[in-house]
Amino acid sequence: MSHTSRAQPDTAAAPHEVFPAFFDDAPVIDVIDPLSGFLGAVEGGRLRYRYADVVRLAGHSCPTMASAFLMTRAGLKALYGEALPRRGEIRVDVRGQRAEGVAGVIASACTLITGATDDWGFHGIGGKFMRRDKLFFGQPLEFGELRFSRLDGGAPPVEVNVNLQSVGSDPRVSALIGPCLRELASAEDRALFRTLWQDRVRRILVEHCDDPEVVQVRAVSRAS
C-alpha cells in the first residue's frame, strides 16, 4: 500500500516580520506588571516593550505612533525615575476625545504599555489588578497631550507633549503620497516614499528620543 507524502511548510523561509533596521536602535520601555507576575505569565512580572510592539498594535509605523511611544516612555521615566514603572497602577489622561483626530490611536499605545483602560479592560481578581477606569479622554490638561499619574501617589503627575517642528518631513513625501495612494506611482517611487516616510520616524525615535525640545515633560497639579 503506497502512501503519498504531504508537503511540509518551509520553516526555514524568511521571517514573517522584517522591520526597518532602525527599530532595533529605538529605546525600549521596561515595566513590571504585578498581574503578569501573579499569574506566572512572565518571570517576576518584568516586561519590555519595543517600538515594534506598537507597530504590531497599530499595523503601521508613523510619526504619531513614534510620538505616542516616546510620550509614554518620557511620562513613565518622569514618574518612576530609575525604578520600574508598575503596569496597571498608572492613570492616563488624554486631552482629545476618543474619536477626535489621533487621540484614540495614541491612547491605544498608552494602554499597551501602561495597562490603563477606560471601561473595557480587565476587571481584576479579588479586588486587585483592575485595569478599568484608569484611562480618560477629553481631559482639560494644563500643558500636554497626555498626563500620567501614579495611583500610589509616589510622584506628582506629569504631562507630556511632542513638538515635531524641528523633525520635518522630506518635501518629496507630499509629492509622492498622492500617486502612491492612487496606485499611479512607479515601483521606484513607492520604494522612495516608504524610505522617506520611515526616515522621519527614525529621526524622531532615535535622534530625538531624549531631546527636551521635541519630547516635552512638565510636572503638573494632581489629576481630579
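User: Why are helices α3 and α4 called oblique to each other?

Analyst: In this predicted model, α3 (residues 63–80) and α4 (residues 103–114) pack at an angle of about 45°. Angles under 35 degrees count as roughly parallel, and 65 to 115 as roughly perpendicular. The angle of α3 and α4 belongs to neither range, and the pair is therefore oblique. Their axes lie 9 Å apart, and the crossing is right-handed.

User: What makes up the contact of α3 with α4, by class of residue?

Analyst: The contact has ten nonpolar, three polar and no charged residues. From α3, the residues involved include M65, F69 and L76; among those they meet in α4 are V105, I106 and I113.

User: What makes D170 a cap of α5, and at which end?

Analyst: A side-chain oxygen of D170 lies 2.8 Å from the backbone nitrogen of R172. A polar contact requires N or O atoms within 3.5 Å, and the D170 distance meets that cut-off. The capped end of α5 is the N-terminal one. After α5 comes E183, with a positive phi near 60°.

User: Which residues of α5 are called buried, and what covers them?

Analyst: In α5 (residues 171–181), V173, L176, G178 and C180 are buried, that is, under 20% relative accessible area. Their cover includes α6 (187–207).

User: How many of the residues in the whole protein chain count as buried?

Analyst: The share is 44% of 224 residues. The secondary structure of this chain comprises six helices and seven strands.

Notes. Residues are numbered from 1 along each chain as its sequence is written. This is a predicted model: local features need pLDDT of at least 70, side-chain atom pairs count only at pLDDT 80 or more; totals for chains, interfaces and linings use all residues. Side-chain values use heavy atoms; hydrogens and water are left out. Buried means under 20% relative accessible area, exposed over 50%, partly exposed in between (1.4 Å probe, protein chains only). Helices (H or I, at least four residues) and strands (E, at least two) are DSSP runs, numbered from the N terminus. Contact means heavy atoms within 4.5 Å. A polar contact is a pair of N or O atoms within 3.5 Å; within protein, one must be able to donate a hydrogen and the other to accept it, and residues adjacent in sequence count only if both atoms are side-chain atoms. Axes are lines fitted to C-alpha atoms, for helices over the stretch in contact, and angles run from 0 to 180 degrees between N-to-C directions. Angles under 35 degrees count as roughly parallel, over 145 as roughly antiparallel, 65 to 115 as roughly perpendicular and the rest as oblique. A crossing is left-handed if the near helix is turned anticlockwise from the far one by less than a right angle, and right-handed if clockwise. Ala, Val, Leu, Ile, Met, Phe, Trp, Tyr, Cys and Pro count as nonpolar, Asp, Glu, Lys and Arg as charged, and the others, Gly among them, as polar.
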